[in-house]
Amino acid sequence: MKKVYSVLFCVLLIMAVVFAGSVFAEDFKNTSGKEMDIRIISKSFNNQFYQAAFKGAADAAAKLGVKITTNGPDMETNTSQQVEQVKAAVNAKPDAIILAACDTASLEETLDAAKEAGIPVIGFDSGVPGDTTGAVLATAATDNAKAGANVAENLIADPNFQKAILKGTEKNPTVLAVLAQDATSGSIVQRVDGFIAKAVAALEALEGLSGAVSVSGQEKWTKPSAKPEKVKIVVVVPPSSSAADIQAASKTIFTMDNLVGVFAGNQDAVNGVISATNDGTDLDRKDGIYKNIFVVGFDSGTSQREAIKDGQFFGSVTQDPYQMGYQAVGLAVRVANGEKISDVDTGSKWYNAQNIDNEDIAILLYD
């Protein structure tokens, strides 16, 4: 499972996206006078998402002149395997460990050992949530609020969407629906927060909509409009995160009068929308019964990518696992050099039918 990337191999590995993280080559240097040893442990070694992160880490390692060793359990549920891998990494006394924890509680003793040994730990992706040991010094991860805002910005910037949403009147407001898998998960809540905040601001900047946009559907996000509403943002949360409940909630959305757009906040929500629309065929832009509805998503599972290529979805935002790996290595080098570090937002990328096959986007798409 373990794989060591040499500097020369790293350069060849990700030539297609070599430009994506050049900031670190310019801003950070390995001033330790030695080839640093950095151990990277993901939640699941063979997962496509983490393979993209490993590529980013390899690129950073090549540019900064350090050696990385990547590892991870067979699957995210194999907590005991990851614990042994982290223990082995601590025993190797590397300059830093980069970690996406399967279960923080099970790693507490090992993280204590890392701190006692003076080995800095950097989180990436979901990082090490709830760490109480103080071993984890910073995390390279998606700012989900900004990523949600990215979806809203690209949707509302489209002239055809604007034309459709502006048909709303005080008697017959148009509707932009948000399907959230739940109202408790930190990442989901942050995405919805970011989407709604940006959507309200962008919509109210359109002619005739100042103060005329309301948010309803869920108490957490409810915000009445200052003037009689012409556009309603309606948040729908299913009673549970089961596939059946999400699909049922999706069907409810498509019965709303004057529905113009739908934001599905994660891949499970996207799957619910696809299931509720006859595997997406009802969204066909030529013949579908919902052909005039703009659907946008988040993440990049196979079903979502196919819906975007087929034109059923307007577009989506993917997280950037490549930058997670790249920037985590940059943080590890900085802290090993004795510098102070803090969390880094690894960004998100908008993709649609026009750019989905571009090399710089394709490497970021994962199941």
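Here is a short tour of this predicted model, from the whole chain down to two loop residues.

**Whole chain.** Start with everything selected and a cartoon on. You're looking at 13 helices and 14 strands in the protein chain. The radius of gyration is 22 Å, close to the 21 Å that the globule rule gives for 367 residues, so the chain is as compact as a globular protein of that length. Line the view up with the principal axes, and the C-alpha trace spans about 70 × 40 × 35 Å.

**Inside and contacts.** Now colour by accessibility: 54% of the 367 residues count as buried. If you draw contacts between residues at least 6 apart in sequence, 70% of them join residues at least 24 apart.

**Surface and charges.** Switch on the accessible surface, which comes to about 15700 Å², with 48% belonging to carbon and sulfur atoms. Then pick out the charges: there are 32 positive and 44 negative ones, and their mean positions sit 4 Å apart.

**First stop: Lys-93.** Select the loop between α4 (79-91) and β4 (96-99), and you'll find Lys-93 there. Check its backbone: phi is near 50°, a positive value in a residue other than glycine. Is Lys-93 buried or exposed? Its relative accessibility is 64%, over the 50% cut-off, so Lys-93 counts as exposed.

**Second stop: Asp-279.** Jump to the loop between α10 (267-276) and β11 (294-298), where Asp-279 lies. Asp-279 isn't a glycine, yet it has a positive phi of about 55°. With the surface back on, Asp-279 counts as exposed, at 59% relative accessibility.

Key
Residues are numbered from 1 along each chain as its sequence is written. This is a predicted model: local features need pLDDT of at least 70, side-chain atom pairs count only at pLDDT 80 or more; totals for chains, interfaces and linings use all residues. Side-chain values use heavy atoms; hydrogens and water are left out. Helices (H or I, at least four residues) and strands (E, at least two) are DSSP runs, numbered from the N terminus. The radius of gyration is taken over C-alpha atoms; the globule rule is 2.2 Å times the number of residues to the power 0.38. Buried means under 20% relative accessible area, exposed over 50%, partly exposed in between (1.4 Å probe, protein chains only). Contact means heavy atoms within 4.5 Å. Accessible areas come from the Shrake-Rupley method with a 1.4 Å probe; for residues, only the protein chains shown count as cover. Lys and Arg count as positive and Asp and Glu as negative; His and the chain ends are not counted. The place of a charge is taken as NZ of Lys, CZ of Arg, CG of Asp or CD of Glu.
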